[in-house]
Amino acid sequence: MSTDLQSPEAAQGRFREWLFHRPEVTARHAGPHAAAPPGEKTHSWRKVMCLTGVDYFSTLGYQPGIAFLAAGALSPIATIILVLLTLFGALPVYRRVAAESPHGQGSIAMLERLLPFWRGKIFVLVLLGFALTDFIITITLSAADASAHVVENPHVPGFLHGQELWITLGLVALLGAVFLKGFTEAIGVAVALVSTYLLLNAVVIGVAAVHVFEDAHRVTDWTTTLTAEHGNIGLMIAVSLTLFPKLALGMSGFETGVAVMSHVRGEPGDDPVRPAGRIRNTKKLLTVAACIMSVYLIASSLVTTLLIPAHEFEDGGSANGRALAYLAHLYLGDGFGTVYDASTILILWFAGASAMAGMLNLIPRYLPRYGMSPEWAGAVRPLVLVLTCTAFLITWIFDADVNAQGGAYATGVLVLMTSAAVAVTLAARKAGQRKLTVAFSAITLVLAYTTLDNVHERPDGVKIGACFIAAIVIVSLLSRVARALELRTTEIVYDDRADAFLRDCARRSIRLVANEPDARDVEEYREKIRQVVDDHDLLDPGDIIFVEVTVGDYSDFESRIEVHGEALHGEFRVLTVTGATVPNTLASLLLDIRDRTGVRPHIYFEWTEGKPFIHLLRFLLFGVGEVAPITREVLRRAEPERTRRPHIHAG
């Protein structure tokens, strides 16, 4: 008998293979921000609305309580102002975003197109920092509120009371475990959760409204309190205008709503580039979701303000972070209240899942294209672990307190909404739409004021956002520097003349001369040939082909190369190429020529005068600099076998 024992090395190898496994299809981790793979079944806009609704509608679990803590008896009036800003500010902005980014790229992609080169890349990284703030806090805040519903339920064992931090950490860990395994059938689960949750909330609000009508004095007591504190309706509105930034959590679902566009079913004849049916249905999704949420926000704020004693909203009170659940237990009994709590816990937890899916699809969408992602970021599971650990840290910092995290969450939401308003304003201006430009500019100013007021009142949000931004920028730049010597070319295509030049020279030898184009006159090329012949003792310069690389967007990491052949002045063969950097483009071209022709090409450089360190910085930032040694190093890394590398000559 023999026993096969697994060696620790084999087990470790299998674990590493599982952890860094890359062929994770997006559908397995599908969520509101996941791009639908080609050929994946799309869904009606009503079902997809539920997918974004797990984030948007779940805020009913804590929004009424946060609104009362911020505005007190003015909570319903401040909520009405918030709803007006939602319907006449945020909704028009995101309807335009949907029209401008029909494949779910969102406002970040719009600004990326409108702001080219490094300023656009840096701006996108900053917005990604705030987006991650939004999504991470969605996970931690939702889990914290779910834990509040757990411990406040009368059927929960007493030993769990006071253990909100550990319950929240457990929910976050469970979320991470789900994503390590995979996350499927998101839309079906979302439809069930959202439908149940909205129905239960309608029952609670309806029953509470009946009690308000039965006890009419509650309304008169409320209006009397408002008159005593603020005097008249004009002053009430003015004070509410200053308070509504604190209620901004009620506007948190729009960025998600646009990001789900790839799942929305359009019309059979839709243009793949600009699917009019999908755009139209997404606008319906955004409008209906905003209207439903507006009704629930106003109704919930009104009944909770009228029926719940003020001290119950305070920290430690029975309605703190769970105002509607308090009413459910009070008026419908512990049985119904437990069902409501369970529904709330599930949708809040699922909102965190939506945010996790968003980050898993948002980060790889941008950073790899910029060359700004570590090697392991291409695998889902390590990224899940990093994000889960970050959520642990945020939960610990805020001690799983819903109210304490509201500022950070609102900051992330408002920055993204303000950036969306800026994007649509620039898009309207570019399209020559003056009235829309003025209207969107006004919305931008309101959202900018709201953001600045929120930052001033609760600076913890911008501090956390700044930490995320600093981490993203530092890691991204270090990663880009570490990957600077990769080939960085996605595809190379040749026109007929360029192909003819190479096929002709391949019969003898392929000798390329790297030339920085200047006047491109006869004398420039003749002088270059004389220099190359003198430096390298060439006997026959007849097979020389000039290669001229023009740097396009030097902030891009990867580029598609198109090689064009020109016959200049009747005697000089020139290949013109546009790329993100000169050395990487030349190295990719040389290797491709070798593979196409079976001949190892020669390339001749002229040494660049100046300080090497300065040239290295110019290469890292602008794609130029000392070309010869960097081209050689890129080739050395791409082709380890020396006898197969193209020949590099410098003189």
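Me: What is the relative accessible area of arginine 218?

Reply: Arginine 218 counts as partly exposed. That class lies between buried (under 20% relative accessible area) and exposed (over 50%), with a 1.4 Å probe and protein chains only. The value for arginine 218 is 24%.

Me: What kind of model is this?

Reply: Residues are numbered from 1 along each chain as its sequence is written, and side-chain values use heavy atoms, leaving out hydrogens and water. Local features need pLDDT of at least 70, side-chain atom pairs count only at pLDDT 80 or more, and totals for chains, interfaces and linings use all residues, for the model is predicted.

Me: Which residue meets arginine 218 in a salt bridge?

Reply: A salt bridge puts a side-chain nitrogen of Lys or Arg within 4 Å of a carboxyl oxygen of Asp or Glu. Here the N to O distance is 3.5 Å. The partner is partly exposed, at 26% relative accessibility. It is aspartate 215.

Me: How many salt bridges are there by this rule?

Reply: The pair of aspartate 215 and arginine 218 meets the rule. So does the pair of arginine 530 and glutamate 523, at 2.9 Å, N to O. The count comes to 21.

Me: How far apart in sequence are the parts that arginine 520 and glutamate 566 tie together?

Reply: The two side chains meet in a salt bridge of 3.5 Å, N to O. Arginine 520 lies in the loop between β2 (511-514) and α20 (522-536), and glutamate 566 lies in strand β4. Helices (H or I, at least four residues) and strands (E, at least two) are DSSP runs, numbered from the N terminus. So the parts tied together are 46 residues apart.

Me: What is the relative accessible area of glutamate 523?

Reply: Its salt-bridge partner, arginine 530, is partly exposed at 41% relative accessibility. Glutamate 523 is also partly exposed. Its relative accessible area is 44%.

Me: Where is the kink in helix α4 centred?

Reply: Helix α4 covers residues 75-100, with 26 residues. It reaches 35 Å from its first C-alpha to its last, close to the expected 38 Å (1.5 Å times one less than its number of residues). The kink is about 35 degrees, where a bend is the angle between axes fitted to the seven residues ending at a residue and the seven starting there. It is centred on threonine 86.

Me: How many residues of α4 are buried?

Reply: Helix α4 is mostly covered. Valine 93, found in this helix, counts as buried because its relative accessibility is 1%. Of the 26 residues, the buried ones number 19.

Me: What area does the patch of Ile80, Leu84 and Phe88 make?

Reply: Phenylalanine 88 is found in helix α4, and it counts as exposed at 61% relative accessibility. Patch residues have over 30% relative accessible area and no salt bridge; like charges are joined within 9 Å, and nonpolar side chains (Val, Leu, Ile, Met, Phe, Trp, Tyr) within 5 Å. Areas come from the Shrake-Rupley method with a 1.4 Å probe; for residues, only the protein chains shown count as cover. This nonpolar surface patch makes about 310 Å².

Me: How far apart in space are valine 93 and alanine 421?

Reply: Valine 93 is found in helix α4. In sequence, valine 93 and alanine 421 are 328 residues apart. C-alpha to C-alpha, the distance is 5.8 Å.

Me: Which residue lies 6.9 Å from proline 275, C-alpha to C-alpha?

Reply: Proline 275 is found in the loop between α11 (254-259) and α12 (276-307). At 5% relative accessibility, proline 275 counts as buried. The partner is 173 residues away in sequence. It is proline 102.

Me: Which residue in β5 is the bridge partner of histidine 564?

Reply: Six bridges join β4 to strand β5 (residues 572-579), and the two run antiparallel. Strands pair if DSSP finds at least two bridges between them. These two form a hairpin with three residues between them, and histidine 569 in the turn has a positive phi of about 60 degrees. The bridge partner of histidine 564 is threonine 576.

Me: Which residue in β4 stands opposite isoleucine 492?

Reply: Strand β1 (residues 489-494) and strand β4 (residues 559-568) run parallel. Five bridges join them. Opposite isoleucine 492 stands isoleucine 561.

Me: How many residues of strand β3 are buried?

Reply: Strand β3 spans residues 544-551. It pairs with β2 in the parallel sense over four bridges, and seven bridges join it to β5, also parallel. The strand is largely enclosed by the rest of the structure, because its buried residues, out of eight, number six.
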